[in-house]
Amino acid sequence: MIQDINPKHFYNQFHKEAIKPLDYIISFHSNLIFAREAGRDLDFIRYEDFFKWRENIHGNIEAEKKAEQEREKEFHFTYLFAIDRQKYFLLKEDVELEIPGFVYCKMFDIRRRAPKYQVMAASTAWHLHVWYRDNRFCGRCGEKTEEDEKERMLRCPACGNRVFPKVAPAVIVAVTDGNRILMTKYANREYKRYALIAGFTEIGETVEETVRREVMEEVGLHVKNIRYYKSQPWGFDLNLLLGFFCELDDTASIHMDEGELALAEWMKREDVPDYGEDLSLTHEMMRVFKEGGTDKRRIY
Ligand SMILES: [Zn+2]
């Protein structure tokens, strides 16, 4: 899955620190991410590339000290995380960079790139970027928020409101019935392949209740024997995904919600497609079932 980047290690602990020449910069512009052009390994610019770009457009500034002061006024970088010793920073300003070999890419297209640890970096950076972008002002009193020095938190200097990053829990549900599994395709989404039932947890419900409710809403069926499988951070949609297997407990036939789904059908184990990707929890669960898991052995 996206988080399985062994032997590399993802460190998400927050520190307040200054950016250095070889640190990565992740920059977003109008929902697009600035990355190495398609057809090559997914990569990001380093601070030294950004510095050169900035010098080119602003001309040569004589004193290094003056440049430093100017830079601090115009551009702000926030430490995001590290993968091994490589640090990633977010460029807070929405500027349009022009650096040869790098282009603005759709987040959806980033999913199909390699190496996987850079996809994980892009997804997590997007999640944090959306949080910073959407909380520049206090939702309680309207004052401009400030970044905390010690924690990944935004603080309102006027009313003391503290805003932490939001993670939205959602479930992925594999409904099985003997040798078959319920497969779906989403309506009105960019993603066109087979998927499983999925949905956000509502306020006031447990994730097990989310499983029951989502299956009922999307396909009109009752389920039993709900078993937790694994979880996955999915920054593309600001989620923490929780995977569950469960069994059909109904004699009714599928009654599909056409607003949510374009297709819902039972598929035999051997017919489950293997798209050959190892990014998503959905595909891992489909593969586990295809290979005979869930009802023959412990699932985790
Ligand atoms: Zn406030």
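The following questions and answers go through the strands, helices, core and domains of a predicted model.

Trainee: Which pLDDT limits apply to this model?
Mentor: Residues are numbered from 1 along each chain as its sequence is written. The model is predicted, and totals for chains, interfaces and linings use all residues, whereas side-chain atom pairs count only at pLDDT 80 or more and local features need pLDDT of at least 70.

Trainee: Which strands stand at the edges of the open sheet of five strands?
Mentor: Strands (E, at least two residues) and helices (H or I, at least four) are DSSP runs numbered from the N terminus, and two strands pair if DSSP finds at least two bridges between them. The sheet has mixed pairing and the order 1-6-7-2-5. One side of each edge strand is left without a neighbour in the sheet because each has a single partner strand; these are strand 1 (10–11) and strand 5 (45–46).

Trainee: Within strand 7, what is the bridge partner of Ile-25?
Mentor: Strand 2 (residues 24–26) and strand 7 (residues 86–91) run parallel and are joined by three bridges. Ile-25 has as its bridge partner in strand 7 Phe-89.

Trainee: How many bridges join strand 12 to strand 16?
Mentor: Strand 12 is joined to strand 14 (residues 197–200) by four bridges, and these two run antiparallel. With strand 16 (residues 239–248), strand 12 (residues 168–177) runs parallel, and the number of bridges is nine.

Trainee: Which residue in the turn between strand 12 and strand 13 has a positive phi?
Mentor: Strand 12 and strand 13 (residues 180–186) run antiparallel, with two bridges; Thr-176 is the bridge partner of Ile-181. The two strands form a hairpin with two residues between them, and the residue with a positive phi, about 65 degrees, is Gly-178.

Trainee: Which element gives the most to the largest nonpolar core?
Mentor: A nonpolar core is a set of buried Ala, Val, Leu, Ile, Met, Phe, Trp, Tyr and Cys residues joined through C-beta atoms within 7 Å. A residue is buried if 20 or more other C-beta atoms lie within 10 Å of its own, exposed if 12 or fewer, and partly exposed in between, with C-beta atoms placed from the backbone. This core has 59 residues, and Ile-25, Ile-26, Ala-125, Val-173 and Val-175 touch the most other members. The most, seven residues, comes from helix 4.

Trainee: Why does this core lie between domain 1 and domain 2?
Mentor: Domain bounds come from an automatic or database domain assignment. The core lies between the two because residues are given to it by both domain 1 (10–134) and domain 2 (168–290).

Trainee: Which strands do the buried residues of helix 6 pack against?
Mentor: Helix 6 (residues 281–290) is mostly covered, with seven of its 10 residues buried; among them are Leu-281, Met-285 and Phe-289. Contact here requires C-beta atoms, placed from the backbone, within 7 Å. The buried residues pack against strand 12, strand 13, strand 15 (223–234) and strand 16.

Trainee: Which element gives the largest share of the side of domain 1 that touches domain 2?
Mentor: The centres of the two domains, taken over C-alpha atoms, are separated by 34 Å. Their contact takes nine residues from domain 1 and seven residues from domain 2. On the side of domain 1, two or more residues come from each of helix 3 (107–110) and helix 4. The largest share, six residues, is from helix 4.

Terms used
Contact = placed C-beta atoms within 7 Å.
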